Amino acid sequence: MTFATLGLAETLLQSLETLGYKTPTPIQEQAIPAILEGRDVMAAAQTGTGKTAGFALPILHSLATDGIKVGSNSVRALVLVPTRELAEQVHASFRQYGEHSGVSTYAAYGGVSINPQMMRLRRGVDVLVATPGRLLDLYSQNALKLNKVQVLVLDEADRMLDLGFSTELDAVFAALPKKRQTLLFSATFSEVIRSLAKARLRNPLTIEISPPNSTVKAVKQWMVPVDKKRKTELFLFMRKDRKWGQVLVFVKTKRGADELVGILHAKRIKADAIHGDKPQAARLRALESFKAGEVQILVATDVAARGLDIDDLPQVVNFDLPIVAEDYIHRIGRTGRAGATGEAISLVCADEAPMLAAIEILLKQTLSREEEPGFEPDHRIPLTGAAAIAAKKIKKPKMPGRGSKGTPSNWVGFDDAPKRPGARPAARPGGMPRSTGKNGQKQNRSGGR
Ligand code: AMP
């Protein structure tokens with residue numbers, strides 16, 4: 001299949017040729033014809049699948065060919081995104097694809113002066129990419145009318161809800177015309193996303209090109225148990241030991257990001273942070289320097305990093321595990337793109353065991369634990385996933401003929417249990433399977449190198 005067979009306008013095909021896009025990605029193959037037909041679409045797709053072109057191309061095609069002129073302060077296509085960075089990126093894509101189409105585009109987000117945005121909107125704009133908060137500011141100040149919106153895109157809808165934009169979304173929906181096309185893109189289809197879609201979309205075509213964590217297949221994921229206070233030391237050691245080049249490091253807090261960058265600077269390592277407290281210009285600068293190879297370590301919080309299009313990153317390090325398990329998938333989506341292999345390494349301390357368990361449940365996979373010699377933690381991380389289930393089963397065997405009431409909880413019996421066919425081998429005292437090493441973790445040092 002080619003973009004021409006999808007029926008896209010010649011001006012768009014010209015841009016795609018310049019960009020070197022030869023064939024549509026799977027999500028584009030499904031989404032583009034449906035959107036051109038005017039259908040609502042609900043798609044499970046994350047960054048890296050080509051989803052932006054999947055909605056931008058058919059929207060640009062329709063706007064370029066329907067002969068409608070945008071009125072002042074009006075918008076014909078509204079694309080809502082969770083973060084400023086994503087607004088910039090999505091807008092840049094619209095601009096690239098629509099370069100020869102005559103369709104006007106603009107991005108509006110918070111953290112920068114609202115006045116130039118109000119001025120620009122006076123002339124009206126065909127495609128507006130916006131974050132929900134700033135959009136509503138513009139709307140409430142009458143800089144923007146939403147009654148002519150023909151198509152609404154919710155990009156990274158799950159993230160918008162995670163960031164608490166639910167009320168803002170309700171307000172936007174209230175201002176939109178009832179008759180419109182609605183396209184919802186989300187990395188995951190959680191219950192809330194499904195109910196949002198049910199309430200706001202009309203008979204949508206559901207596209208699930210790949211399960212949410214499939215982009216991760218080329219990514220080798222593993223974790224290093226470590227005490228919290230030694231994470232920085234471990235990170236510096238691993239970077240040197242394994243000769244890491246550019247690394248994207250995720251931390252939990254803005255303060256944590258600044259602190260780590262400070263330590264890296266003190267070691268004369270070129271590093272920068274990208275987080276919500278940084279002015280937009282500084283964030284973009286950091287990203288550009290990283291992409292240009294001038295910065296070795298980019299330390300990011302989840303909010304700021306969402307949607308960053310950084311290709312071919314060999315390593316992503318989770319210095320802290322994310323609080324929201326889904327963010328783990330977004331984080332590691334930054335490596336192993338487009339068939340390249342990547343590594344996602346999580347430095348995990350005992351406090352983070354619940355988050356680790358939540359991530360493993362989401363991934364349906366237990367992360368391989370690989371202790372770094374010299375950094376074995378004093379505070380051991382409880383077993384998670386299948387290992388925890390196995391350990392529990394071994395720890396408390398059901399002993400026919402013995403009432404559990406009178407049995408001490410740590411009792412492990414060898415003596416009077418009658419042999420059952422297929423029963424597990426007797427456990428060692430202490431409840432740990434024989435193959436388990438220090439700290440109760442499986443010793444596996446070969447997998448992640
Ligand atoms: P996205 O998932 O929208 O963030 O896109 C991921 C990357 O894939 C971006 O750098 C796009 O420029 C690129 N891309 C999107 N569609 C195609 C395509 N059909 N062929 C080649 N590259 C593409």
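Which residue lies over the face of Y106, and at what distance from the ring centre? Select Y106 together with R120 in this predicted model, and you will find R120 over the face of the Y106 ring, 5.9 Å from its centre.

Next, move to the nonpolar interior, bearing in mind that in soluble globular proteins nonpolar side chains tend to be buried together. The largest nonpolar core comprises 40 residues, and a useful selection is F55, L57, I59, V79, F94 and L183, which have the most contacts inside it. Colour helix 3, residues 51-65, and you will see the element that gives the most to this core, with 7 residues. Centre the view on L57, which, leaving aside residues up to four places away in sequence, touches F3, L8, L12, L16, I32 and Y97. A second core, separate from the one just visited, has 36 residues, among them L135, L136, L152 and A157.

For the aromatic rings, of which the structure holds 6 pairs, begin with F235 and W244, a tilted pair whose centres are 6.2 Å apart and whose planes are at 40°; both of these residues are buried. Keep F235 selected and add F319: the ring centres are 6.4 Å apart and the planes stand at 80°, so this pair is edge-to-face. Because F235 belongs to helix 10 (residues 231-241), while F319 sits in the loop between strand 12 (315-318) and helix 14 (325-332), the pair ties together parts that are 84 residues apart in sequence. Both F235 and F319 are buried.

Finally, select F55, F94 and F185, which ring pairs link into a cluster; F55 and F94 were also listed for the largest core.

How values were computed. Residues numbered from 1 in each chain as written. Predicted model: local features only at pLDDT ≥ 70, side-chain atom pairs only at ≥ 80, totals over all residues. Heavy atoms only, no water. Core = buried A, V, L, I, M, F, W, Y, C linked by side-chain atoms within 4.5 Å. Buried < 20%, exposed > 50% of the residue type's maximum accessible area, 1.4 Å probe, protein only. Helix = DSSP H or I, 4+ residues; strand = E, 2+ residues; numbered from the N terminus. Contact = heavy atoms within 4.5 Å. Phe/Tyr/Trp six-rings, centres within 6.5 Å; stacked < 30°, edge-to-face > 60°. Lys NZ or Arg CZ within 6 Å of the ring centre and 35° of its normal.
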